[in-house]
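Grab a pencil and work through a few short exercises on the structure below. Try each task before you read its solution.

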Amino acid sequence: MGWGRPLLALLIAGLLLPLVPLLAWAVSGQWRYPGLVPQRLSGRGVRILTDPRSHVLSGVFTSTLISVSVAALACAIGLPAGRAIGVYRFRGRRLVQFLLLAPVIVPGLAVTLGIQVFFIHYGLAASTLGVVLVQLLPTVPYAATVLGAAFANLDLDYERQARALGSGPVRTLVFVTIPLLRPALILAGLFCFLISWNEYVLTLLVGAGQVQTLPLLLFAAIGSSDTTAAAALGVLVVLPPLLLIGLAGRLLAGRSGAAIGLGRL
Amino acid sequence: MRASAASVELAGISKRFGDTVAVADLSLRLPAGSFTALLGPSGCGKSTTLAMLAGLLAPEAGDIALGGASLLGVAAERRPVSLVFQKPLLFPHLSVAQNVGFGLRMRGLTRRDIAPRVQAMLERVQLVGLGARRVGELSGGQEQRVALARALVLAPRLLLLDEPFSQLDPELRAEMRALVRALHDEATTTTLFVTHDRAEAVEVADDIVLMLDGRLAGHGRPELFYCAPPTLEAARFFGVTNEIVGSVCSGCFRDRSGLAVRCNLADGPAVLVVRPEALRISGTESPDSLPGRVTAARFAGTHLALEVATASGALGVHVPVDSPVQIGGHLHVRVPAEASTAFMTKQPS
Amino acid sequence: MPSFRSSRLPRGLRITLLLSPAAVVIGVFFLGGVSQAVAQSFGYQPFLPDYHWSTDAYRAIWLDPAVRASLLITLRVSLASTVIAAVSGVAAALAIRGLRRGRGWVTGLFQVNLAVPHLVGALCMLLLLGQSGVIARLTLTAGLSTSPAAFPQLTGDRFGWGIIAEYAWKETPFVGIIALAALSRGVADLENAARVLGATQWQRRRHVTLPLLAPPVAAASVLVFAFAAGTYEVPYLLGRSYPATLSVVALQDYRDTDLSVRPQAMAVAVVITLLTTVLVIAYLALAKRLSGRPL
């Protein structure tokens, strides 16, 4: 297969190529057309990020707060749901699994437009809580599916053994079940974090522009004429996902179920 | 549909994987139309040999010839060799009939030519009427029959079977063995059947090739391995447990307790092996007998399994069920020269 | 978690309790949202006293040429990017599998842009494919174009090239790693079986490898298509306002100060939902017919 290797190299180069201008613009001071490299490098991009007037730091805080809350909450909801579909065989299980995946497949736009008015009515609009709640929509199905698969592979005898040795239900959960599920929990938490971190439309609609997460700031920056600021912000937004996925790479190996979540990012 | 069976010749075949030697200097010849069992424990190189015969692996040294023509350099897909794997490996997206006809389709036969051959083959493996079934609906035994049919419909000159029934339960295994044997007798393809189960090898094959640690340890009829095993390791593999250490001097094996048994081995240190069922007990002493005391007697269904303590070590003896023995009794154990084999050893006795 | 308190809870009740938090999220938010969108597209206005049911919104969008153009560009963009991602992803997976050394780090590199959010990806495409972007500058240096305007318009264009590029770029590794995962599951054994039966390399690829890849790749492609049809950020940034994709139109109509346009926004959103649901059902029905094997 002589043509396979060079084509692959070309493809990989093509996949990495679009990131190059992003990095270059983030550190450029001046990069007029038609220069192939920036005429002048500068730290302005970085300075903009740390400038309190650009609200980037508060955006980082908001994004982190929301994403961590969403990840924790989604996993807490997904854990019992995962137990239900992974451990028990019941009538309608397939239907439940399908319904669980529906929010992943069906675009969230329609859903959010529909309930937006309720968020306003119940005072959840323009609030961080409201954004956290609405971001449960794409994340809970994913957490439930990953944890469901983990529960299906879990040997319940560990729990029974613990109970036989006198451990109560809560202790069993905390000291036996959860440690056994740790890789799946980390994976689910990680992806819920990332899905939330990258979410734009849901935050825009429910947050009504008041809850300024990093994607919202980035969107505005792209619309502005300051390419360096936008690129710098883009690099900032991309760094946590890259780092976290790189670290979790070993967990991903061989789990094609995890891959489904990646398409959502 | 008749296959023109071919003889198989391996000459000095070697294969290593990294530092491990899988097959070392294997040479053997299988006559055309023979049914041979390739027997050996796990990891002895049997599957590797099969893979090399099929063309999935290339040997590092040596030659493989089919019907006199070398197969080296011939790609696996062009060899007239069929291989049935341990797992049925049926194509899940095709029906049973499509699976069986797969090889014919790859050769370019039209659907009109393929269908009758597939039908005939399904009849031969007793799967009539299942042609339209999907693979997921079959039982384990049915799957292996489809795999067999798929291999045989191509009329190969050499049929290789890599422990194809090890995943089935015992009754099914016996059934499938009989089926393979019947198919062979009909088509007289040269067949090489890999197994680690010596009872299976003895039951199904005309000849046995024993492989131990990647090397040939014996080739011949099953009787050979029982009555006159070619090596000590072969004897041990076939269940010999009685080994008496001694030395040979002018055609006679002697051990330190005075046992003398005729054998034709060169002088030197040796070990004598004899099967439990070949030993005889008697009350009288003779040059080829050992005095001993019965330490255990277990009823084993078809015989009594005795353990007799002698000066040459504990010997296991199988005697008829109604033999008058008791634990603690003294008797003589006779070692018949015609049923025992001596092997040279390197250590001094 | 209440289910653990007593091991003597009846099974059905226990399952219901375990599922209830997730059921609330999905039931209230998802099903509630969809039904609200449907209702509001028919004129329903919660919390407002006067509203009347009508199909005006649907009639309006059916007659609106802008919406038709939006449907066209949405389908075009989604289909094109799905096909490109599927073909490239499968080709890459096959090539990676054929690598003898270095498979590990090539796979790692291959997955890098999975971590990049679509928003950032849109920015990257703007910087790369814009008329004064990096590729345009390269062509100028190579003498292939003379000015920014001479470089073909790939972003903010009628066809949607920039949008297709971003989706294809992001989703190729997605399909690729799903294909890789499918390939590692015993496909090599089946290919060996085919080989011994006389199949050449090309025949093995056609009759064994690709048919085995088809179900998971098809499932992944459905996800890609649904995602491409429903996202907002990418077509907004990389496309133009006319024709915009359906999701952009929906959001624009929603934020229109004229509240009577709102039902139309809902109608468009319902169309998007219907489109993706029909697609998923069609895929599931087809998959069941073809192989009976789930993803």
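The exercises below concern a predicted model, and each one comes with a worked solution.

**Exercise 1. Two chain profiles**

Task: Work out the secondary structure, the extent and the burial of chain B, then do the same for chain A.

Solution:
- Start with chain B and its secondary structure: nine helices and 20 strands.
- Next, the extent. The C-alpha trace of chain B spans about 75 × 45 × 35 Å along its principal axes.
- Then burial: chain B has 349 residues, and 51% of them count as buried.
- For the surface, chain B has an accessible area of about 15,700 Å², with 51% of that belonging to carbon and sulfur atoms.
- Now switch to chain A, where you should find 16 helices and two strands.
- The C-alpha atoms of chain A take up a box of roughly 70 × 60 × 35 Å along the principal axes.
- Chain A has 265 residues, of which 54% count as buried.
- Chain A exposes about 11,600 Å², and 67% of this comes from carbon and sulfur atoms.

**Exercise 2. Contacts along the sequence**

Task: Take the contacts with a separation of 6 or more and find what share links residues 24 or more positions apart, in chain B and in chain A.

Solution:
- In chain B, that share is 67%.
- In chain A, the share comes to 71%.

**Exercise 3. Chain C against chain A**

Task: How many residues does each chain bring to the contact, and how many salt bridges cross the interface of chain C and chain A?

Solution:
- Count residues: 91 come from chain C and 85 from chain A.
- Add the area. About 7,800 Å² is buried between chain C and chain A, with 82% of it on carbon and sulfur atoms.
- Now look for charge pairs: the rule finds zero salt bridges across this interface.

**Exercise 4. Chain B against chain C**

Task: Describe the contact between chain B and chain C, and find the residue that pairs with Arg204(C) in a salt bridge.

Solution:
- The contact involves 21 residues of chain B and 19 residues of chain C.
- Which three residues supply 33% of the area that chain B buries against chain C? They're Glu77(B), His93(B) and Met106(B), and no other three residues supply more.
- In total, chain B and chain C bury about 1,800 Å² between them, and carbon and sulfur atoms give 67% of that.
- Three salt bridges are counted between chain B and chain C.
- The partner of Arg204(C) is Glu77(B), with 3.7 Å between the closest N and O atoms.

**Exercise 5. A nonpolar patch**

Task: Find the residues that form the nonpolar patch on the surface, and decide whether Leu31(C) is buried, partly exposed or exposed.

Solution:
- The patch is formed by Leu95(A), Phe98(A), Leu99(A), Leu31(C) and Leu284(C), with about 420 Å² of accessible area together.
- Helix H5 of chain A, residues 93–105, gives the most to the patch: three residues.
- Leu31(C) sits in helix H1 of chain C, residues 11–41.
- The relative accessibility of Leu31(C) is 44%, so Leu31(C) counts as partly exposed. The bounds for that class are 20% and 50%.

**Exercise 6. A buried acid**

Task: Place Asp253(C) in its helix, then find the nearest side chain of opposite charge.

Solution:
- Asp253(C) lies in helix H11 of chain C, residues 246–254.
- Beyond four places in sequence, Asp253(C) touches Val261(C), Gln264(C) and Ala265(C).
- Asp253(C) is buried but has no salt bridge: Arg262(C), the nearest side chain of opposite charge, is 10 Å away. Compare that distance with the salt-bridge cut-off of 4 Å.

Terms used
Residues are numbered from 1 along each chain as its sequence is written. Chains are lettered from A and ligands numbered from 1 in the order in which they are written. This is a predicted model: local features need pLDDT of at least 70, side-chain atom pairs count only at pLDDT 80 or more; totals for chains, interfaces and linings use all residues. Side-chain values use heavy atoms; hydrogens and water are left out. Helices (H or I, at least four residues) and strands (E, at least two) are DSSP runs, numbered from the N terminus. Buried means under 20% relative accessible area, exposed over 50%, partly exposed in between (1.4 Å probe, protein chains only). Lys and Arg count as positive and Asp and Glu as negative; His and the chain ends are not counted. Contact means heavy atoms within 4.5 Å. Patches are made of residues with over 30% relative accessible area and no salt bridge: like charges are joined within 9 Å, nonpolar side chains (Val, Leu, Ile, Met, Phe, Trp, Tyr) within 5 Å. Accessible areas come from the Shrake-Rupley method with a 1.4 Å probe; for residues, only the protein chains shown count as cover. Buried area is the accessible area (1.4 Å probe) that two parts lose on being put together, summed over both.
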